[in-house]
Amino acid sequence: MSKEKQSSQYSGKVMLAPMVRVCSLPMRLLALDYGADLVYTEEIIDRKLLICHEYKNELLGTIDFTMSDGTVVFRTCAAERGKVIFQLGTSDAKRALAAAKKIQHLVAGVDVNMGCPKEFSIKGGMGAALLTQQDKVKSILTTLVNGLDVPVTCKIRVLPDIQETVALAKLIESTGVSAIGVHGRTKSERSRDPNRDDYIKAVSNAVSIPVIANGGSKNISNLSEVESFRLNTEASSVMLARAAMWNCSVFRRDGPLPFIDVLKSYLRYAFLYDNNVMNTKYCVLQIIHDKMTEIPEADFSLSAKSLQEFADIWHLQEDYRVILHERQQKEMELSAAEGGDCRGVKKKKTENGLELIELPVRYDKTLYNSLMTPKQILNNYCIKHQKEKPVYSTTERYQDRFFKSVVQLEGKLYTNPFWERSKQLAEQSAAVCCLVVNGLDDGRTGEPKNETEELRRKWRDIVNSKIVSPSHCSDEDAENRLCSATDADLEKKVASQSYTEIKSELAEGSSDAILSKQCAVGSDVDKDGCSR
């Protein structure tokens, strides 16, 4: 793609700005439906992305980048191909390139966050911390421009001095980026402070690449006001954050729709792509932000704990029922094509001759009585039947400090393919596997999704047979279900940064890595400083 074509991608456009906890797949698709030209992801930290596994989710029709516990860090689909810009949080050029290379084949461009003023970002050397580190700005952007096949941009906040802001913009332009997004507030200012449109205008007049104006949401509720903001800043394009978060139909050429229509359309996408419940709740509450005391559904939404509850609250039960039915039908088809519902069941001999049995089971605390856990049940069983006490061997993985456990009982080993967030959860999951294989009640008070007693019986038949069919123990299939980042994944995919460097950085558990992890899951992040 020529430099001119890369820059033209950002000219004359109205875009959905990057917002933490808002710009996940449902909101991005909704913005495109209403007329947005480009949509940004929420900021995703390079370290987090590097330990993710790329997974083709046949059931949802998406490509997912997931942690080993199944947490989705980035989800995209064909409907936004060519329209989605990936915003990257980084403080290191080599690490940024390694992360961006993992997703560049799925996105229309990569944007570097150089404006987030929140403490988690600044302490990690990211976001607004970069505004005063010109050498690092140049290094990161130049490395990405030279190393990627897609356009590279960055988004900044203005500096207190207008001339310093212009100088920074010229430096950024010199790196070869295709456009620059400018939020007209300093890192210490918030949405209540006036946007410095004159600063954006000065940048627009000083550089030749497209300038994307940001920060005018307070005065924007339709496209006519978007155009007024663009003309006032003399920018090439505009990106909207709060205005789009509150009513995504602000992008409609025929004018915005009532909030209830927007909210229901958002929920349909959340249902369709099985969006995280807490993320869904956050977006719903933002849409009804100024009506919290006016509508009864607001209080119910505050306490909702499942997508089904949101369907009930907003009278979308039939929509959700149809989506679930179609998903179940597809799941059955995929299961039949991939070896049935017993895939992930493995039985093999270890190097010391012991038999290792692996089942795709997990310990879900919500399905068990906290007073009698699977470990306690297994222990009591051994005492009652005068068997040796079960012995647990638990491994901690250095990349993300997740755990996997194997329990030994009467010369056999039992485990599952998943890595858990804590040693306790890993050991409970191993105990569940042991109890299920041996036909014992593991104390569950409810059935996990896609698991029944009949299925567990089939699993026992497989592991009790003398030979395990390859379709039941495929390493590749098990890895897909596990969705974990192995050493081989990192060594193969992080081509531009030495493997030793990344292993060292991840093993250090430095403050910016920890804070980056908090950002990626949306801990204390307030969009107030990230994008307006």
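This is a short dialogue on a predicted model and the terms used to describe it.

Student: Why is R75 called buried?
Tutor: Its relative accessibility is 13%. The cut-off for buried is under 20%. Therefore R75 counts as buried.

Student: What makes R75 and D64 a salt bridge?
Tutor: Their closest N and O atoms are 2.8 Å apart. A salt bridge needs a side-chain nitrogen of Lys or Arg within 4 Å of a carboxyl oxygen of Asp or Glu. R75 and D64 therefore qualify. The pair links distant parts of the chain, with R75 in strand β6 (residues 72-77) and D64 in strand β5 (residues 62-66), 11 residues apart.

Student: Is D64 buried or exposed?
Tutor: D64 is buried, because its relative accessibility is 2%.

Student: How do you know that D37 has no salt bridge?
Tutor: Look at the nearest side chain of opposite charge, R253, which is 4.9 Å away. The limit is 4 Å, so R253 does not qualify. D37 is buried all the same.

Student: Where does D37 lie, and what does it touch?
Tutor: D37 sits in the loop between α2 (25-34) and β2 (38-40). Beyond its sequence neighbours up to four places away, D37 touches G12, K13, V14, L32 and K83.

Student: What makes the pair of V14 and D37 a polar contact?
Tutor: The backbone nitrogen of V14 lies 2.8 Å from a polar atom of the D37 side chain. The cut-off for such a contact is 3.5 Å, so the distance fits.

Student: Why is K423 called partly exposed?
Tutor: K423 has 39% relative accessibility. Partly exposed lies between the 20% and 50% limits, so K423 falls in that class. Its salt-bridge partner is E427, with the closest N and O atoms 2.8 Å apart. E427 is buried, because its relative accessible area is 7%.

Student: How are K423 and E427 placed in the chain, and in which helix?
Tutor: Both lie in helix α17 (residues 423-437), 4 residues apart, about one turn of the helix.

Student: What makes E454 and R457 a salt bridge?
Tutor: The closest N and O atoms are 2.5 Å apart. That is within 4 Å, so the pair counts. E454 and R457 are separated by about one helical turn because they are 3 residues apart in helix α18 (residues 453-464). E454 is partly exposed at 45% relative accessible area, and R457 is partly exposed at 36%. Separately, salt bridges that share partners join D442, R444, E447, E451, E453, R456 and R460 into one network.

Student: How many salt bridges does the structure hold?
Tutor: The structure holds 26.

Student: How do you know that β13 and β14 pair?
Tutor: Strand β13 (residues 346-349) and β14 share 4 bridges, in the antiparallel sense. The requirement is at least two, so they pair. K346 has E358 in β14 as its bridge partner. The two strands form a hairpin with 5 residues between them, and G353 in the turn has a positive phi of about 90°.

Student: Which faces of β14 are covered?
Tutor: Both faces are covered: E355 and I357 are buried on one side, L356 and E358 on the other. β14 also pairs with strand β17 (residues 412-415), in the parallel sense. There L356 stands opposite L413.

Student: Which residues have the most contacts inside the largest nonpolar core?
Tutor: F251 and W314 do, in a core of 117 residues. Helix α11 (residues 259-272) gives the most to this core, with 8 residues.

Key
Residues are numbered from 1 along each chain as its sequence is written. This is a predicted model: local features need pLDDT of at least 70, side-chain atom pairs count only at pLDDT 80 or more; totals for chains, interfaces and linings use all residues. Side-chain values use heavy atoms; hydrogens and water are left out. A nonpolar core is a set of buried Ala, Val, Leu, Ile, Met, Phe, Trp, Tyr and Cys residues joined through side-chain atoms within 4.5 Å. Buried means under 20% relative accessible area, exposed over 50%, partly exposed in between (1.4 Å probe, protein chains only). Lys and Arg count as positive and Asp and Glu as negative; His and the chain ends are not counted. A polar contact is a pair of N or O atoms within 3.5 Å; within protein, one must be able to donate a hydrogen and the other to accept it, and residues adjacent in sequence count only if both atoms are side-chain atoms. Contact means heavy atoms within 4.5 Å.
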